[in-house]
Amino acid sequence: MAAPSAAGLGRRLRAWLPRLTQVRWSRYNPSYMEPEVNKEYYQKPLEELTEEEREKAELKAVRPIKAAPPSLSSSVFSDPMVSKFTNMMMKHGDKVLARSLMAQTLEAIKRKQLEKYHKAPENEKETIECNPYVIFHQALKNCQPIIGLSNITKGGKTYQVPVPLKDNRKRFLAMKWMITECRENKHRRTLMPEKLSQELLLAFNNEGPVIKRKHVMHKMAEANRAYAHFRWG
Amino acid sequence: TSRLICTTTAVQRRNVGASGPEKYTEAFIKKQIEEFNLGKRHLANMMGEDPETFTQEDIDKAIAYLFPSGLFDKRARPIMKHPTEIFPEQRKIQWGEDGRPFHFLFYTGKQSYYSLMHETYEKLLNVQKYQDQLIAQGLSLQKEKRNLAGSRWLTKIELEEMLLEKLSDDDYLRFIQLLQKLMALPCGDIEQKYIQKFSREVPVQMQKAVIEPLQYDERGVAFSTGEGKRKTARATAVVYDNGTGKMTVNGIDILRYFPVLQDREQLLFPFQFLDRIGKHDTVCTVSGGGRSAQAGAIRLASARALRSFVTEKEVEFMRQAGLLTVDPRVKERKKPGQEGARRKFTWKKR
C-alpha cells in the first residue's frame, strides 16, 4: 500500500529534518520587523507619546523591515478588521469572491440604514447610524466574549475551566461565530451578504443569535466558576 | 602449547569512534605552528615576496596559484591557515594526577556554564547592594538608557565556542535572561564591561542602496526606472514627472489589466503613501507570476523608481512601511512522503 510505506519514509525523513528545518518557520530572518503603513505615524514630530515608542523607532531605524503584504495598504479604505473578516470568509483561496461578498454586505447595510433613515421622523434621524464601517466594528465589539472556557485535564477528567481571553482571541471568536451563524442558520436561498447584513444589524443593537451565543458562553463560565482554580496547577 | 582460538575480525577490529574526536597535545600544536611559520617564509621566498610582511591573504593567493583546483566546493580546495584556525580548541585535562578535578563544579557536567551563571549572579547581587547603598544615602538612582539598537547578544554557537562546552537551548535562554535582568537594573552601568563581553555589534544599515539621479528624456520631462520582483513575476517601471496619474502595463491600461480592486490598490500604494497620486505617469512591463505577484512586482518597481524623486527622509519612511523590501516568500516545495508542502497523507490505522 502506498500509505504505510510513505508514512515510513516520512517518519525516517522527519527524524532527519529537524536538524535542517523546523516546522513553523518563516522566510524572513527573526530580526526583521513588521511594517508600519499608517501615514500619520510618520507625520508625527519627535515628541512622541512614550519612551517605548522612541525605543521602537530607534530599533526600526537599524533593523530590516518585512515587505508589506498585498492585503495591507495605506489608503483610507483599507481596514485591518475588515481584511481579517474577509480572509476568514474566504473559501479555497478565492479572495475575489470573499471581497465582493464583503462589499455587497456593507452596501446592503448602508441601504437598509438609509431606508430606515428616510422613513424615520425628524427627531430620530440623528440617532440612526448610517456608516457601515461603524456598524461593523460596533457589532463585532458587542459580540466579543469577555471570558472563555478551556479544557483542563485533572485527575483523568477533563473540566471546562473559565479562563480570561486575550484581545486577539476575543476578536477571532466574534468573527468566527458571526460567520458560522450566517453559513448554517439560514434559508437555502438567502445569499450570504443579505444574511450577514441582517446579523450585523441585530448585533449592533445587541440582539440576535450571535449575542445569545456570547451570553450562553458567559453563563457557562459563571456556572463552572467552582473550577476556576484549576487554571493554576 | 597455546591453541589458536578462532576469533572473528569484528572482535579484533579496533573501535575507531569510541575514544571521541582526536585529541591534540599542546606540543603537537606548537610543532604545527612552527611548521606553519617556516612554511610561510618558504612560500614568501618562492613567490619572491618579503617574508616579514607576508599576510594571510597573500598566502591564500599563492596557494591558489601554485595548486590550482577545479573542485566546486571551496572547502575541498587546498588551504594553508594558522593551526589555531584549523584545529578546534580543546579543553585541557581537568583533573590532576591523583584524579581529583581542578574546578569545584566539575561534577555538574557543564562546569564552565555553571561557573559563568554563578559569576553573573554575583554581579547582579553586587549591583543590588550598590543600589541599596545609594538608597540608604538618599541619592537618586540614575536611569541611563543604553542603545539596544546597535548590539545583539551572543548566539548559542558563539557561547558554546567561548565556553568550549555543549549547551542546551534552555541553558542558553536562561543565561540571556539573566544578562537582560542585569542590564535592566538602573545601576547596571557598573558591570558594563562585563556585559560587553557577551554582546556583539550589529552592522548598522546593511546596504545603503545607491539612489540613481533623475534622467531627462527628449521632451525635458524627468523620469526614473525601477525593477521589482515577487514570486516568479519580474517587472520594470518607468515613472515620469508632470503626469496625470495614468498607469500603463504592457501597453494596456491598469483598469483593463487588473480587474481586481486589490491589485490596483497595491499599484497605487507607493503613490498614495507619498501623496503623489495625480502627479506621475507610469509605464510598466511585467512578465511571469500570477495576478497578485505581478501587482506586487510592479509595486516594488514603482517604489524603487520613486526614490529618485523624493527626499532621503521619505525614502526611510517608505522602507519602514515595507515598500522597498523584496518579498522573499515563495511557494514551499512538496516533500516526499507527504501529499503537499505541509499536508500529510491520510493516516490509516492499518
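Me: Why does Lys66(A) count as buried?
Reply: The model is a predicted one, and in it Lys66(A) has a relative accessibility of 19%. The label buried applies under 20%, so Lys66(A) at 19% counts as buried.

Me: What makes Glu34(A) exposed?
Reply: Its relative accessible area is 52%. Exposed means over 50%, so Glu34(A) at 52% falls in that class.

Me: How do you know that the side chains of Lys66(A) and Glu34(A) meet in a salt bridge?
Reply: Their N to O distance is 2.8 Å. The rule asks for a Lys or Arg nitrogen within 4 Å of a carboxyl oxygen of Asp or Glu, so the pair at 2.8 Å qualifies.

Me: Why can this pair be said to tie parts together?
Reply: Lys66(A) lies in the loop between H3 and helix H4 (80–89) of chain A, and Glu34(A) in the loop between H1 and H2 of chain A, so the pair joins parts that are 32 residues apart in sequence.

Me: What makes Asp263(B) and Arg291(B) a salt bridge?
Reply: The closest N and O atoms of Asp263(B) and Arg291(B) are 3.0 Å apart. Asp263(B) belongs to helix H10 (residues 261–273) of chain B and Arg291(B) to helix H11 of chain B, so this pair ties together parts 28 residues apart in sequence. The limit is 4 Å, so a distance of 3.0 Å meets it.

Me: Which label, buried or partly exposed, does each partner get, Asp263(B) and Arg291(B)?
Reply: Asp263(B) has 1% relative accessibility and counts as buried, the class for values under 20%. Arg291(B) has a relative accessible area of 37% and is partly exposed, the class between 20% and 50%.

Me: Why is H11(B) called mostly covered?
Reply: Of its 16 residues, 13 are buried. Helix H11 (residues 291–306) of chain B reaches 23 Å from its first C-alpha to its last, close to the 22 Å expected at 1.5 Å a residue.

Me: Why do Glu332(B) and Lys335(B) count as partly exposed?
Reply: Glu332(B) has 28% relative accessibility, and Lys335(B) has 21%. Partly exposed lies between 20% and 50%, so both values fit the class. Glu332(B) and Lys335(B) also form a salt bridge, with the closest N and O atoms 2.6 Å apart.

Me: How many salt bridges are there over all chains, and how many across the interface of chain A and chain B?
Reply: The whole structure has 24, and the interface of chain A and chain B has 2. Arg99(A) forms a salt bridge with Glu265(B), with the closest N and O atoms 3.5 Å apart. The cut-off is 4 Å, so this pair passes at 3.5 Å.

Me: How many residue pairs are in polar contact between chain A and chain B, and which elements of chain A give residues to that side?
Reply: The count is 17 residue pairs, both residues being at pLDDT 80 or more. Helix H1 (2–16), helix H2 (39–43), helix H3 (51–62) and helix H5 (95–119) of chain A each give two or more residues to the side that touches chain B. H3(A) gives the most, with 7 residues. By class, that side of chain A has 22 nonpolar, 4 polar and 11 charged residues.

Me: What area do chain A and chain B bury between them?
Reply: They bury about 3600 Å², 54% of it on carbon and sulfur atoms. Tyr42(A), Val62(A) and Pro70(A) supply 18% of the area that chain A buries against chain B, more than any other three residues. The contact takes 37 residues from chain A and 39 residues from chain B.

Conventions: Residues numbered from 1 in each chain as written. Chains lettered and ligands numbered in written order. Predicted model: local features only at pLDDT ≥ 70, side-chain atom pairs only at ≥ 80, totals over all residues. Heavy atoms only, no water. Contact = heavy atoms within 4.5 Å. Buried area = accessible area lost by both parts, 1.4 Å probe. Polar contact = N/O pair within 3.5 Å; in protein donor to acceptor, adjacent residues only side chain to side chain. Helix = DSSP H or I, 4+ residues; strand = E, 2+ residues; numbered from the N terminus. Nonpolar A, V, L, I, M, F, W, Y, C, P; charged D, E, K, R; others polar. Expected span 1.5 Å × (residues − 1). Buried < 20%, exposed > 50% of the residue type's maximum accessible area, 1.4 Å probe, protein only.
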